[in-house]
Amino acid sequence: MRTNETTKFLEVKNLVIHYETDNGVVEAVNNISFKMNRGETLSLVGETGAGKTTTALGLLNLVPNPPGRIIDGEILLNGENLLKMSPHQMQKIRGSKITMIFQDPMTSLNPIETVGDQISEVIRLHNKVSRAEAAQLACDMLEKVGIPAERYGDYPHQFSGGMKQRVVIAIALACDPELLISDEPTSALDVTIQAQVLDTMWQLKKELKTSMLMITHDLGVVAETSDNVAVMYAGEIVEYGTLRQVFKDTKHPYTQALFDSLPDINKNVQRLIPIKGLTPDPSSLPNYCSFYDRCKKRMEECKKTDPASVDVGDGHLVKCLLFASERSSHE
Amino acid sequence: MGRYVLKRLLHLIPVLIGVMLLAFLLNEIAPGDPAALLAGGESATPEKIAQIRAELKLDDPFILRFGDYVKKLVTEGNIGVSYKTQQPVAAEVAHRYPQTLKMAAISAVLASIIGIALGIISAIKQYSFIDNIISMFSLLGVCMPVFWSSLLLILFFSINLKWLPSSGFSTWRHWILPCAVIGTSMAASIVRMTRSSMLEVIRQDYIRTARAKGQVERVVISKHALKNALIPVVTNIGMHFGVLLGGAVIIETIFVIPGIGKYITDAIKNRDYPVVQGSVMVLALTNSFVNLGVDLLYAAIDPRIRSQYRNMGKMKMKKKKAALPLGREAV
């Protein structure tokens, strides 16, 4: 990979997360690995149910347990394995080093606490400051996300969806995190508000030089914001590379199909091309390539083996047999 | 907020008038003749009965008697005089109500503390051994009829062990058994309510947000989850408390406690209408206050309800303004 060993910041190795329910084991995340550099933005794209959110929750060790369980793998932040940490150590990381912006702002805030208190709570947890100082910092944070500080004492129900998401962003950025995970931060918002919220997030991310793991299924947002892109399908990363590699030199048939299903303003097409079929049931994944049933370029061999990720050049990883012969397997 | 309380207090007037009228009407249509009972039942002579009816003005038309009652209530604050003892009802209620109140208060406080604590434990240790034990006992507590558990406790603690007195109300030891019986059945229902409410709240997104801030689990539960989970529990406690204030007739009978429940049932048996009338009014009043207390407690917990109360007045003003012809509000 292109990663320079000295700046390696986050490294996820062979992460496996399952949900063990009465109706069987749901294999949400299957053996995924990726690396991030400090200050980098990595986008995790994929359909609903591809395991994006579970991966993110895994990084914070917040996978709801039961039924969820991190089966295997390593998550190294600055070389330290988060999965080996005590609950107490992990609490110190959450909210200060790694923070998360959740998908639905409507339900992400405690309805009976003032927004100011919810921001100052995280400040007080990770900084040795007095109540008054924390309140002042929380006010500053509100101003930074574009909410007047006078609204410190207001409750979430007095805010609109976009404003609530700004509060959630303020909470996530209050302690100057090293890694910000944003889980579809705008998919519950109106399109006009989406742009505003993304913009705010963007400004702050740049200002604070935060690394960011961006979970989304909006390829437009990805194109605008990311350095690197990981495409997830059925709990696996099927293609990984720089923005340019994935968008301009698309290799995996699934990624290709995703782009084909998008409307293009420059092309005059009557119909978009959908990806036929459904994502496989994660409680009974096939032991061959999980995209086989929907793949347009499938071959006989595809049904025999589960392909490994291959580096097709400059750290561009593709998990497809079509490219298995091009380079040696990436392990 | 003050407006809201004032409005609720003013609502008491129509409620009390309604209760007064209903109680009077029910006494009117109930079968049985108080005069006949006072004259000595079966053996009474018609002359004697007629004489008593005249003394008690039972032969006057309904409207006259009701008017007379209201007049006395308003001018003298007199809620009635017992047919049987010729004593004012208010004095007797003042003498008996403290016993009922004491029993209800002790039971409710104990039941709330135990019930909420066990409910929380049960919820955060869902499906564990301790949860199963608590759930089983709470089910048992809800199902056991109080007369049966009273008798069992008396048999065990008073007769076999001779630790506690089986009846009376003079020392604190007398209160243990009746309060234990009421408290257990009430606590059982609070446990179940708290458990289900906590389980619902724990799955909410804002609990995940609190954890993602790095908050310690104890605070996540006590600050973020419990306060939100308490709202339905408070309703439950308030309802139980209201019922208890009406007198736990069975308990008062078994443990020979001169409370208000026993007073009313005896009065009904004796056709002592003024007693029924007066006590029902007192009960209606206290129940209204309990309800008001519960509603205010809601407001204390939940800011959404608080702003609802605050807006009630404003909304009426707006409606009035809207009803005016255009341009009028400028005047």
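User: Why does A:Lys319 count as buried?

Analyst: Buried means under 20% relative accessible area, exposed means over 50%, and partly exposed is in between (1.4 Å probe, protein chains only). A:Lys319 has 9% relative accessibility, so it counts as buried. By the way, this is a predicted model, where local features need pLDDT of at least 70 and side-chain atom pairs count only at pLDDT 80 or more, while totals for chains, interfaces and linings use all residues. Residues are numbered from 1 along each chain as its sequence is written, chains are lettered from A and ligands numbered from 1 in the order in which they are written, and side-chain values use heavy atoms, leaving out hydrogens and water.

User: What makes A:Lys319 and A:Glu236 a salt bridge?

Analyst: The rule asks for a side-chain nitrogen of Lys or Arg within 4 Å of a carboxyl oxygen of Asp or Glu. Here the N to O distance is 3.4 Å, so this pair passes. The two sit 83 residues apart: A:Lys319 in the segment after β12 (317-318) of chain A, and A:Glu236 in strand β10 (residues 236-242) of chain A. Helices (H or I, at least four residues) and strands (E, at least two) are DSSP runs, numbered from the N terminus. A:Glu236 is buried too, because its relative accessibility is 12%.

User: Why can side chains of opposite charge pair?

Analyst: They can do it when their charged atoms come close. Over all chains, the whole structure has 22 salt bridges.

User: Why do you say that B:Arg8 and B:Asp295 tie together parts that are 287 residues apart?

Analyst: Their side chains form a salt bridge at 2.4 Å, N to O. B:Arg8 lies in helix α1 (residues 2-29) of chain B and B:Asp295 in helix α13 (residues 273-301) of chain B, so the pair joins those parts. B:Asp295 is buried because its relative accessible area is 18%.

User: How do you know that B:Asp266 is partly exposed?

Analyst: Its relative accessible area is 27%, so it falls in the in-between range. B:Lys262, at 25%, is partly exposed as well. These two make a salt bridge, with their closest N and O atoms 3.6 Å apart. Both lie in helix α12 (residues 260-269) of chain B, four residues apart, about one turn of the helix.

User: Which residues are linked in a network of salt bridges?

Analyst: That would be A:Glu121, B:Lys213 and B:Lys223.

User: What makes B:Leu118 fit in the nonpolar surface patch?

Analyst: Patch residues need over 30% relative accessible area and no salt bridge, with like charges joined within 9 Å and nonpolar side chains (Val, Leu, Ile, Met, Phe, Trp, Tyr) within 5 Å. B:Leu118 has 32%, so it passes the area cut-off. The patch covers about 640 Å², and among its other members are B:Ile106, B:Val109 and B:Ile130. B:Leu118 sits in helix α5 of chain B, and that helix (residues 89-124) gives the most to the patch, with seven residues.

User: Why is A:Ile273 called partly exposed?

Analyst: Its relative accessible area is 39%, so it lands between the buried and exposed limits. A:Ile273 lies in the loop between α10 (253-260) and β11 (310-311) of chain A. From A:Ile273 to A:Met299 is 26 residues in sequence and 21 Å in space, C-alpha to C-alpha.

Note on methods. Areas by Shrake-Rupley, 256 points an atom, 1.4 Å probe, with all protein chains shown as cover.
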